[in-house]
Amino acid sequence: MLYACEELNIVLSLLTIDVAAIPSASVLSNDEKRLFVPSSAKMFYAIDAESGGIIWQRERSSIPFTEGAVSPDGQRIYSIGSSTGSVYSQSQSSGSVHWVFKGGYRP
């Protein structure tokens, strides 16, 4: 429970920077050092779980739809863009995009 309170404080700090951050969709890295937070302002953040500081932020072509999934080796985070259906693979340490699979939206 204590950790959940710390995570909430970090996300609340982020909300002062980006009011469109989606706290319920945040995910923690395997080593519990980074918190990944999508934003409906088409941003994706990596937050230092201890200090609450922003490690990196990346603009996306669409709103991140999911909280993301971290790779077992702790190297990448995968997420889906809501309006495009694209799947993104990004570096957990730098936020650089490894690849994007253009899935497309199909009603």
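F36 is in contact (heavy atoms within 4.5 Å) with A25, S26, V27, S29, F44, Y45, A46, W56, V70, I77 and Q92, leaving aside residues up to four places away in sequence. The model is predicted: local features need pLDDT of at least 70, side-chain atom pairs count only at pLDDT 80 or more, and totals for chains, interfaces and linings use all residues. Residues are numbered from 1 along each chain as its sequence is written, and side-chain values use heavy atoms, with hydrogens and water left out.

**Nonpolar cores**

- The largest nonpolar core has 6 residues: V27, F36, F44, A46, W56 and I77.
- Another core, of 5 residues, lies apart from it and includes L35, V37, Y45 and I47.
- A nonpolar core here is a set of buried Ala, Val, Leu, Ile, Met, Phe, Trp, Tyr and Cys residues joined through side-chain atoms within 4.5 Å.
- Buried means under 20% relative accessible area, exposed over 50%, and partly exposed in between (1.4 Å probe, protein chains only).
- F36 counts as buried because its relative accessibility is 0%, and W56 because its value is 4%.

**Aromatic pairs**

- The whole structure contains 3 aromatic pairs (ring centres of Phe, Tyr or Trp, the last by its six-membered ring, within 6.5 Å; planes under 30 degrees apart are stacked, over 60 edge-to-face, the rest tilted).
- F36 and W56 form a tilted pair, with 6.1 Å centre to centre and 40° between the planes.
- F36 belongs to strand β2 (residues 34-39) and W56 to strand β4 (residues 54-59), so this pair ties together parts that are 20 residues apart in sequence.
- Ring pairs link F36, F44 and W56 into a cluster.

**Chain overview**

- The chain has 1 helix and 8 strands (DSSP runs numbered from the N terminus: helices are H or I of at least four residues, strands E of at least two).
- From the N terminus on, the order of elements is α-β-β-β-β-β-β-β-β.
- Of the 107 residues, 37% count as buried.
- The exposed area is about 6000 Å², of which carbon and sulfur atoms supply 57% (Shrake-Rupley method, 1.4 Å probe).
- Among contacts between residues at least 6 apart in sequence, 27% join residues at least 24 apart.

**Four-stranded sheet**

- An open sheet of 4 strands has the order β5-β6-β7-β8 with antiparallel pairing (two strands pair if DSSP finds at least two bridges between them).
- β5 (69-70) and β8 (97-101) are the edges; each has a single partner strand, so one side of each is left without a neighbour in the sheet.
- β5 and β6 are joined by 2 bridges, and V70 stands opposite I77 in β6.
- The hairpin of β5 and β6 has 5 residues between the strands, and G74 in the turn has a positive phi of about 75°.
- β6 and β7 pair over 5 bridges, with S91 in β7 as the bridge partner of R76.
- β7 (residues 87-91) and β8 are joined by 4 bridges, and V100 in β8 is the bridge partner of Y88.
- In β6 (residues 76-80), I77 and S79 form the covered face, whereas R76, Y78 and I80 form the uncovered one.

**Salt bridge**

- The structure holds 1 salt bridge (a side-chain nitrogen of Lys or Arg within 4 Å of a carboxyl oxygen of Asp or Glu).
- This salt bridge is between the side chains of R34 and D31, at 3.9 Å from N to O.
- R34 is buried at 15% relative accessible area, whereas D31 is partly exposed at 41%.
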